[in-house]
Structure formats: structure tokens, C-alpha cells
Amino acid sequence: MKKTKEQFNAAGRSVPESVNGKPAIPFMGIGKYRPERNKYGPRIPVCSDYPSDGNKLVPSIKDALIQSGLHDGMTISTHHHFRNGDLLANTVFDIAHEMGIKDLVWFPSASFPCHAHLIPYLEDGTIHHIEGSMNGPLGRFTSRGKMKGVGVLRSHGGRYQAVQDGEVKIDIAVIGASSADPFGNANGLYGPSASGLLGFALADSQYADKVIVVTDNLVDFPCIPWQIQGNYVDFTVVVDKVGDTTQIVSGTTRITNSPDRLYLAELTGKFCDEVGIIHNGFSFQTGAGGTSLAVGEYFRKIMKQKNIRARFARGGSNAYLVSMLEEGLVEYLLDGQTFDLTGVRSMAENPKHVWTSPFTSYNYHSKGNFAGLVDVVILGATEIDVNFNANVVTHSDGYLLHGIGGWQNCLFSKTVILPVPLFRDRVPVIRDQVTTLCGPGDLIDVIITERGIAINPIRTDLIKAVKKSHLPLRTIEDLKEEAEQICGKPSPAKFKDKIVAVVKWVDGTLLDAIRQVDA
Amino acid sequence: MSKTSIAGNHGEDIRSDCLIKMSLSTKGGIRLKIESRVESMYGDQINSLIKDILRFYRIRNAEILLQDSGALNFVIAARMEAAIRQLTGDTKEYLLPAAAWAKAIQYERNRIRFTRLYVPGNTPKLMLNVGIHKADGVILDLEDSVAPVKKGEALLLVRNALRAINFYQSERMVRINQLPQGLDDLDLILPQDPNVILIPKTETPVHVKQAADRIAAANKKRKIWLIPIIESALGIENSFLIASATPAIAAVAIGLEDLTADIGVSRTKSGEESHYARMRIVNACKAAGVQPLDSVFSDVADTPGLIDSAVRSKSLGFEGMGCIHPGQISAVRDCFMPGSEEVARSCRIVAAFEDAESKGLGVVSLGSKMIDLPVVKRALAAIELAEKFGLLEKNWRKEYEKN
């Protein structure tokens, strides 16, 4: 097989000149790439092609796919509003496989362990490659070099950008909704399978060639509110069950019990308090992940003690954030995805619990987005290097195991804090170089470990603010040394040359390449 | 069939530990199989560590399976040593170089011991970060938290932990097994410079003296303090004799789970059933000039209950409590620290006393109350504590002089 030509990008990473046969632009630096063209425009539809009574119901998903013209090589999108309880992606590819369709591109907004079901279709060529995220078993499969094409990892914001910029042309979008009318107006708020919002499907509805809305709760026109507008929708389908809501909550959306992680969270709260981030009218976002969620709880404690109210909190909602909203500690909850059923309930009944989308929150090719307005964001990482660069997709053994989610987009917040353990089961988190670059160090401000806090030297304001505090401040090199003294210096992951996936930056340029693990 | 030894732990929920299965043979060389979560990063290092240990014990033919879930070298070495001991009975000690931070500092006999955190002696995962929680003392426990069949390997693990782990400002404490087994524990523990040895189920001063003699025989440069734990009716009755058995005693702790069982009552959160025993311990300790330390509060989820218990404990005269979870530490410490009212009153007392002294007055009074020396002494002690915990500026006198 001919080797793909590579070039070094502005972050010093070797990336391919083309991905899946399409030319690719290397990362040029933060804010450097400026596309000089218009956004992508979908085909102009004509009303007279659609039923005049507005009834777009077809009997089954298979009928809808056939009428959408499903054929080899198409790009099919699905969404993760049900998280690990998604049923649609597996169903769609079961049908495609049964029809003998090949070389499809799966364009999910995120993948979960439940999608391990698709591995046989990746093996037999039904699916050519995945553009989105490759979690757990799919990541392992990809890292072993078994996927036909090259995987493409994007952030939530990057996904919207890729669609509107025309990098990804979606042929068929399949949108699961807990409520819909025959016209295709849909939401995730009501019905037995309510999952919250449909923000991740917004771009798909606007730009895909064919849009299929699938529901298990058909209501008469109008379905209110229409998170997805029926004017974009080609077909509606009713099924017995659209998603398994019991699987929305997963391990990463519960507060940690680990005393060590709780200590990290407490230290993070203290840091934010010390530097004055927690003030009346401030805003914050804590990502999924047990430690981030626990930080939110320490914020609550501090806010209650000092009688402080936040103007808004962003991010995935859960019982913890909802209770802060209901107690009046937070005025607005700008929600990108619901992490549990309390979040779903609150969104349906509380007008101050607002559904957002990657467009409003994260889209880099728009006239600003919300991520930059947030005072502080608390995120995780699998690895961080001495230049504050961070990795969220691969582990130190080289295996691709996580997606980017909103992580890259959140780096534009005013202060980015990563609370991480210094090491996990012998594997140092802080190291000389990250295995995969997902976030440039210039955007990452503070690393908080149980053995000390390292502030990025470019944040002289933060350094000054904590100078007189009792916080355990260290240099990042110092932390790296200590991790290696405890764990021993790890051998770097061993890779083959073959590129199995690429990591996109929020502007669509190539930040890094992930290679086949040599095992 | 040759005998197979097993040491350590492996399983779905086990982290930072390893399991070793080993059997010796007379030929065939070393057949080592490593199954590790971190193989690509540390496989070579693990391999050379195992080979080094085998050379040390002159083992040339063996079959070894190592199932590793991210154990640090000191854990792997302890597990290997335990597996080899089981097969050969060789008690030679394999010691990795001690970490720079693992040196014991000499702490004062009357150092503050508000919180002492118990850590099971055979669970590496719970040991690694134990220093970050800032307990006054960390107890690596060889006694009740270790299953009888695991006692041998726990002893080796605790020994290695004392050489490898950073305890930061916490005292390095080890709870040995009930005597006489505990005396043999000391042979491996003492060379690693623990600060404190806790002697469980102490019933008579003889127990303490046996431990003290063993320590004296080890001829350590640093002082090693003793904390006998009294956990029986007989122990309670002997409490003064125990507390004053040797000058090496820094404190006496009470163990309420065993004590209530011994008395034949159930333990309650309010603790009426142990009131006499606790008061007896406090009194004996004060008479002997050592710290009385309270038992643990065993419901980890009940923070209000913990606080109640700690407040009551302090009011009885105890000077610290045991913690079984890092989450208990800050609550207990807060209870034992002097309160803001107590600090302010103490400052007023000391300021008034010093003022009277400088004026050559014989009698000191504050408001309508006479202040005598014991009151001043107690106030000074509270001030010292408050300064230590940053509750009071060192130059607090300025403020009180003005008034």
C-alpha cells in the first residue's frame, strides 16, 4: 500500500497531506486558519415534492432509508442523545448490512460501548470508516489498524464546523426524538424516552441531503417545542422504542467516591476561590467525569458560604447542576446535553434550563460562541505534557479510547483548569510529551494534581493572584519528575507508521495523527 | 507436583496491585509470564525487577505468573518476596533503594495527634496517596484490616511502603498484630524508622514493656513512640499502669468495637455504654502525662454523627480520634482545633496576665473573674494551637494591647 505523504504542522506534529483521499490542511496555530469562502449550501428542496397534508410518515426505518436512496459510499449520521442507550445507529447499519450496502461512512456525534455491535460491519466493509469519535471497543479496533479508512476525530463544535464548511456532506441523517409529529417537528423533552435536547442533530437537520426523524411518541401536529424543525425533514418513522434512557447515566457522569479524587476536587475549588474566579455573576462549566462533577459540588459549598450566585453554568446537566439551579445558586443553565433524567426533567419544566447546541456553544466558524464567555471550565485529560499540551483521546499505551466531545471547544474559556491525578495505576499523567495532541498548551492554564498545582507561565495574572496563598504551587516539570520517581519512567507507546485516525482542531485543520499500535 | 505459592491480589476491582503465582523446579530455567495493564510502558522494567529478585534469592528454575494491575515496583517486590518466602522459607530481605522522601523525621512526643488515619496493610491502592490527606498520623495496619492468611505478605508490603511512600507531614505509624505475633512484626518494621508503633489489645503493662524491650534491643537512633490501644475491660482497669509503663508512650488510644464486645453491650453513636471506660482512659492519661486518643467513628457516610462524636470526645478530654476514611480527617480536625471564641478568650486572658505582670500586680482579673496560673497555662496552650493552624497571627498581642 502506498504510504500517505505527511507534513509537520505548526504544533510540530506529523500529519497526513490527505485523509481518506481528501486533501487536508495542517494545523497552523490558534486562530491562524481563515477559510476564504462561503458556507456549504444544501440542495434546494421544493414543497410540492412533499405531502401537502404534511404527513411524512413511512412504515419503517428501512423504508425511509430506501426512499432516501441509501447506496454504497454514503455518509450516514446519528446522534448520542441517549448516550450508551442509543439504539438507532445499530439498527441503521443492521439494515444497511442486510441490504448488502458497502463503504458507508458513519458520522456519529459520539460513540459509546453499545456501538461495539458495529465492529462486524467495520470488518466486512459495510462501514468504511468513522468520523466522530471512537470510544472503547471501537477505539481499540481502530488502533489495531483494522478499520478500512482513516478515522476522523472532531470536537462537538468541530462537527458543526465540518458540516457547515462542507468538509462532511451528510447524505442521510437519522435523528432519534422522544416526541415528533408526522411533519417532522421533533424534540427530546417529552414522551416515554425523553432524553433532553436534540442539539447534536441540529447541523444534520439543516445540512443533510435527507433527514429521517424516528420517534416512539408520535403526537399530532404541532410538536412543541420544535427543537428540530420539520421543514428540514424528509421522512418520519414510528418505532416501538427509540432509545434506552436507563443508559444515559454512565460511570463518567457520577460524582467520584474516591477520597483522592475528592481531594483534587476540593483543591480545585480552593484554587478558584483564591484567585477570585468564584464571584457574583460568574459562570462555569464542569465537564462529565467524576472529578469535574465533584468540583461543582465544592463550588456549591463555597458559593453558599459566601452567598454568591453564578449568572450561568454551561455544560451537560445532571442532578447536581439542576439542584444548584433550583436552589438559585445558578441563574441559568445553558445545557448542551443531559447526563441524567433529572436533567431531562428540569429542561422540560424550567424555562431557565435552556437547551443549546454546538452552534451556539462551540462553533468556531461563527461570529463568536458561548464557550469563550465562560469564566472557568474544569476538564479532564489522559495526559498532559510539560508544555501544558493535553491529550484526551488516547492512553499512554497508544490505544484510542475516548472521543473529544466538547473538550477542545471549552479550551476557549477564560480559565481552563485540568484537575488530574499525578498518576493512574502506575501511569504518569504528566509527561515529557503527550502521545496524541488534542489541546495546545497555550489554551490550558492550570494543572491541579493531588501533589501540587502548576500554573501555565503565560498566566502571570493567576500566578500573581495565588502568590500569597497556602496553595501547593509547583512547576509542571517538578510534577513530572515526581510522577516518574514514583512510577518509573514509562517507555513511549510503540506505533507502526500506518495512520489509523486523525485529530482535527476546532477549525477543521489537522492537529495530530494517531497511528496503529505495534502490539 | 511442586508446590505453588500465591501472593498479592488480582481482579476486576483491584488496582495498583499484582498477583504472583510461583512454583519452583529443578530444571527448565525461569519461565516468567507477565500479564500487565501497563506492559507496553513498564513491561521491560517489571521483567528486570523480577529477574533481579530471583538472582537475589538464587532461584534459577521457576515458573512464575505475574498478573499486574499497575503495581509500583515496591508492591511487586513485596509480592515476589512473599511468594518466595512461602516456597523456600528464606527470610532474607529484598529491599529496593529507599525513596528520598521516605526518611522519618523525629517528631516530638507530645506532637498534635488530632487525626490518625487507618490504612489497611495489604491494599496498595489505598496507601499510595495517603500522605496528601494531611492526617497527623497515618497508620499502616497489620492487625484487624488484614485477613489472617495475608498477614505475612502484608508485613512485607508495609515494610516496603515505609521505604517508598511519601507521608509528607504525617507521622509514620504502624499498628502491629496483637502480641506476641506483633513482636515479630517489629523485627521487619523497626529498621524502616516508623515514628509510632500502635500496640493493639493491650491489657497489661507487660505488653507495653515487651514491645519497648524489643525496640530498645533494635538500638535505634531515633525515638520510636508507642501508642497502646486498650480494647478490653481488663485493659481499662489497668489503664494508668499501661499509660505509665514506659517513657516511650506518647498516647493511649481506646478501641471501642472490641471493648463494647468485651463488656457485652452494643456500641451506640452517643456512646453512653463506654462513658466510664473513656473517662477512665482520659484520667489515666492525664495522670501519666500522655495523650488520650479516642476510638474511630465507623459510619463513613454519617458526617453529622462524626462531628457530634468528635465534639463529645474533645469535651471529655480526648486529644484526637482515629479516622477510617480520608473524608473524616478535616471534620475531626476542625472539632479538635480551638474554636474562635476560645481563641479570643485565651488572647484576652494572656494579654491581661502579661499586662498585670509588667505592672507588678499580684492578682490578675479579667472582668469579674480572677485569673490564676492554670487558666493562663490553658490559654497559652490554646494560643499555641491556634497559631500553629493559622487561626491567629503571630503578632496577635498588638491587637490586644490596644484594647
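This report covers strand S16 of chain A with its neighbouring elements, and then the cysteines. The model is predicted.

**Strand S16 and its partners**

Strand S16 of chain A spans residues 330-338. Seven of its nine residues are buried, so the strand is largely enclosed by the rest of the structure.

S16(A) pairs with strand S15 of chain A, residues 310-317, through six bridges, and the two run parallel. Within this pairing, A:Ala310 has A:Val330 of S16(A) as its bridge partner. The connection involves helix H9 of chain A, residues 319-326: S15(A), H9 and S16(A) make a right-handed β-α-β unit.

S16(A) is also joined to strand S17 of chain A, residues 353-355, by three bridges, again in parallel. Here the bridge partner of A:Leu334 is A:Val354 in S17(A). Helix H10 of chain A, residues 341-349, belongs with S16(A) and S17(A) to a right-handed β-α-β unit.

**Cysteines**

Across all chains, the search of the whole structure finds zero disulfides. A disulfide requires two cysteine sulfur atoms within 2.5 Å. Two cysteines are listed below with the closest cysteine sulfur to each.

| Cysteine | Closest cysteine sulfur | Sulfur distance |
|---|---|---|
| A:Cys47 | A:Cys223 | 19 Å |
| A:Cys438 | A:Cys410 | 14 Å |

The sulfur of A:Cys47 is too far from that of A:Cys223 for a bond, and the sulfur of A:Cys438 is likewise too far from that of A:Cys410. As for surroundings, A:Cys47 counts as exposed, with a relative accessibility of 72%, whereas A:Cys438 counts as buried, at 0%.

Terms used
Residues numbered from 1 in each chain as written. Chains lettered and ligands numbered in written order. Predicted model: local features only at pLDDT ≥ 70, side-chain atom pairs only at ≥ 80, totals over all residues. Heavy atoms only, no water. Buried < 20%, exposed > 50% of the residue type's maximum accessible area, 1.4 Å probe, protein only. Helix = DSSP H or I, 4+ residues; strand = E, 2+ residues; numbered from the N terminus. Pairing = 2+ DSSP bridges. Right-handed = clockwise from strand over helix to strand, strands pointing away.
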